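Open the model in your viewer and keep a selection prompt at hand. The stops below each give something to select and say what is found there.

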2 protein chains.
Amino acid sequence: MTNPTEPGPTVPTGSPQGIEAQSTNRAPRARPTIKDVAALAGVSLGTASRVLTNHPATSATAREKVRAAALSLGYQVNLRARSLRTSRTNAIGLIVPDIRNPFFAGLAQSIQSEGLDDGITVFIASSQEDPDQQDQHLRTLLKEQVDGLIVVPLGGMTPMLEQLRDQQIPFVTVDRTLDELKAPSVDADPLPGVYAAVEALRNLGHRRIVYVGSLLDSSTGRERLLAFDNAGDALLPGGDARMVIAAPLDDDGWLRELDSFLDDGATAAIFGHSRHALRAFGHLRDAGRVIGDRGVSLVSFDDLDVFSLLTPAITAITQHPEQLASRAMAMLSAMIGGDRPGSVRIETSLIPRESLAAPPAG
Amino acid sequence: MTNPTEPGPTVPTGSPQGIEAQSTNRAPRARPTIKDVAALAGVSLGTASRVLTNHPATSATAREKVRAAALSLGYQVNLRARSLRTSRTNAIGLIVPDIRNPFFAGLAQSIQSEGLDDGITVFIASSQEDPDQQDQHLRTLLKEQVDGLIVVPLGGMTPMLEQLRDQQIPFVTVDRTLDELKAPSVDADPLPGVYAAVEALRNLGHRRIVYVGSLLDSSTGRERLLAFDNAGDALLPGGDARMVIAAPLDDDGWLRELDSFLDDGATAAIFGHSRHALRAFGHLRDAGRVIGDRGVSLVSFDDLDVFSLLTPAITAITQHPEQLASRAMAMLSAMIGGDRPGSVRIETSLIPRESLAAPPAG
DNA sequence: AGCACGTTTGGAAACGTTTCCACAAGGGGG
DNA sequence: CCCCCTTGTGGAAACGTTTCCAAACGTGCT
């Protein structure tokens, strides 16, 4: 009856390759599965699973045995198998235009660590300001079955964005919004920060202020300029009190405009993009102009680390990226839970630093 | 024979819930599976799979029908199911100490887009310089069954790093290396860049140079200082030609040391950390010192965007993050393929800018 | 003593793939 | 004409989970 050439039933075949794997350390010892845990604990597969997922219907002894087995094996659940079964991944995707932009890096950091607290894995993707890369990342994330998406959309609509809109996958936009996709968004209201800046400048004695705008075709670019206009209307009613420069990102021509406005009596500048603020900072100092006290005041959107490292430190209008992050996460969670939350705006605010000071006497 | 109460074979049961899903648009229409594709194409599941994975054993007609069906359904493969079956994910994890550090942001960007080209998904995780977060991210990535890992390790060993070392999962370290984990690494050799900097300074007439070092307990911090010593030995043999400051990241006390060295006749400073270079830039200008031509020359490790925006633009020693990225990817791919590649060093090089100039006359 | 009930358990199905296996169809060479 | 080989196909198993279902096992009540 017992055939000596085939292994008898008394030999547990739980880890058949255990011995040979030991002989050569090239072969990666296969990761233990829940089946191994169950076998070692002497319980069924279902019981092991229930213990490890904290299902209430488990006995104390089963819990103890399974936990011990899992620990001694170094068992780690296979998330891909789990989510195949549960059709939930507890993962979301985040797509930013460029992770090298410090604002987006901060946003990503905040969102990811927010997720870490909530047990949600955040897959960060950076599209390098390229719609094709954005779509490619979107497609992969969908194939990865993420539960939802947080997107900082590039300028225009793309095939994948349309698909997102039409499909029912939960997603929110953050920072920038795109009217065409009817998704809830969380973005920053530039007015409070701009208003505070203009008001502070006026109270310090400034009478003529330049606004350097950029990306004027994006929602944020437009709204920041609009906010400057509104604040100016309310606080500096004089007709020639406000000057506006439209500055591209890759051409320094606008610096000449800025110089001539300053020569004409402007004593302060507000920048819609931190990049321009830094560029002007260097340029103005180089030209021998005083920045800060008794000189030209500078205020910039977005609060970069380097702003407080410079001398004088540059005043910022912050969009509170941590708040954007946490609201976006909350909204996305709500959507994944089945709700349809409304859009949200975060107030910007002013962070006064040395570059915000009195104009030259007289 | 034909029973009218059960659906005849002519009625395709491919998407049974199609109609009811249409009635209420709250219910997210379930994503089509390969089964739906096969049904619509009128072939078996296996055939559909073979077509979609470009298996050679498929007929032209099958390919045509399956492709058409997949297209019309908008079918996208479920990567989690696929990798459960194939035990490959075509995804790797990347862990950086802090994504807000522009150097790491650039590294991450390069690695991710490198992966995009190779069909590899790169999951980026930032540990905020916190070993616990690093380990937490490592654990999740392992549970996600990534094929491999690229790690910029924090200072010391941690439980998960030990597990990585002992387990057979392919991983490489980049930028920083940690002797304890015997993993192949790709990092930058600071000497060529530092040597070029010191040589250029000497040729311009500088005779006394300060080195501002940081993170001296990390491999990079140590090696950069060592490189400065070596370059100085070769190029500036005078005993008092070189001064060294150990600067912490969060305390500005070192600025006083810098001032006093400059007062003592030093005319140039090399910074091991870009943060310190920026801090000094602001401080020195504020103190009324000339930077650049006929003033104090500044050279900093890592090439930040803002360096070229400032005036004068700051000279950098670049570690060529794109090269680090592509070598790391290549090495990891090799490891995943079963090889055991050796470590690699990338030469740093000098990017001269305006802050590298002649010292004051006399 | 019997019965209903609550707790815990094992077994099996299912998630969406890929891939092995066996077989059918067709074609060419003996 | 038969056999063999190639090519393409369908069916089924398997990957590692969770969860449904039914059964086993006490326990407390009548």
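**Salt bridges**

A search over all chains of the whole structure finds 29 salt bridges, a salt bridge being a side-chain nitrogen of Lys or Arg within 4 Å of a carboxyl oxygen of Asp or Glu. The model is a predicted one, in which local features need pLDDT of at least 70 and side-chain atom pairs count only at pLDDT 80 or more, while totals for chains, interfaces and linings use all residues. Residues are numbered from 1 along each chain as its sequence is written, chains are lettered from A and ligands numbered from 1 in the order in which they are written, and side-chain values use heavy atoms, with hydrogens and water left out.

Select A:Glu144 and A:Arg80. These two residues form a salt bridge whose closest N and O atoms are 2.6 Å apart. A:Glu144 sits in the loop between α7 (131–143) and β3 (148–151) of chain A and A:Arg80 in helix α5 of chain A, so the pair ties together parts that are 64 residues apart in sequence. Helices (H or I, at least four residues) and strands (E, at least two) are DSSP runs, numbered from the N terminus. Both A:Glu144 and A:Arg80 are buried; buried means under 20% relative accessible area, exposed over 50%, and partly exposed in between, with a 1.4 Å probe and protein chains only.

Now add B:Glu144. Its side chain meets that of A:Arg80 in a salt bridge of 3.2 Å, N to O. This pair crosses between chains, from the loop between α7 (131–143) and β3 (148–151) of chain B to helix α5 of chain A. B:Glu144 is buried, as is A:Arg80. Add B:Arg80 to complete the selection: A:Arg80, A:Glu144, B:Arg80 and B:Glu144 are linked in a network of salt bridges.

For another salt bridge, select A:Arg165 and A:Asp166, whose side chains meet at 2.7 Å, N to O. A:Arg165 is partly exposed, with a relative accessible area of 35%.

**The axis between the chains**

Show chains A and B together. A turn of 180° and a shift of 0.1 Å along the axis lay chain B on chain A with an RMSD of 0.1 Å. The two copies are thus related as by a two-fold rotation axis. The superposition is by least squares on the C-alpha atoms of residues with pLDDT of at least 70 in both copies. Which residue of chain B comes closest to the rotation axis? Select B:Arg80, whose C-alpha lies 2.6 Å from the axis.

**DNA strand D**

Select DNA strand D and the protein residues within 4 Å of it, heavy atoms only. The strand is surrounded by 26 residues, the closest being A:Ile34, A:Ser49, A:Arg85, B:Thr47 and B:Ser59. Of the atoms of DNA strand D that come within 4 Å of the protein, sugar and phosphate account for 63%. The surface near this strand divides into 10 nonpolar, 11 polar and 5 charged residues. Here Ala, Val, Leu, Ile, Met, Phe, Trp, Tyr, Cys and Pro count as nonpolar, Asp, Glu, Lys and Arg as charged, and the others, Gly among them, as polar.

Colour α3 (45–52) and α5 (79–86) in chains A and B: each of these helices supplies at least two residues of the surface near DNA strand D. Then look at single side chains. A polar side-chain atom of A:Arg50 lies 3.3 Å from a base nitrogen of the strand, and one of B:Arg50 lies 3.0 Å from a base nitrogen. For B:Thr47, a polar side-chain atom lies 2.7 Å from a phosphate oxygen of DNA strand D.

**DNA strand C**

Move the selection to DNA strand C. Among the 25 residues around this strand, A:Thr47, A:Ser59, B:Ile34, B:Ser49 and B:Arg85 come nearest. Sugar and phosphate make up 62% of the atoms of DNA strand C within 4 Å of the protein. Its surrounding surface divides into 9 nonpolar, 11 polar and 5 charged residues.

Select A:Thr47, where a polar side-chain atom is 2.6 Å from a phosphate oxygen of DNA strand C. In B:Tyr75, a side-chain N or O atom is 2.8 Å from a phosphate oxygen of the strand. A:Arg50 has a polar side-chain atom 3.1 Å from a base nitrogen of DNA strand C.

**An annotated span**

Finally, select residues 32–86 of chain A, where an unreviewed UniProt entry places the feature "domain: HTH lacI-type". Such annotations may be inferred rather than shown by experiment. The end C-alpha atoms of this span lie 21 Å apart, and the span is 69% helix and 0% strand.

Methods
Polar contact = N/O pair within 3.5 Å; in protein donor to acceptor, adjacent residues only side chain to side chain.
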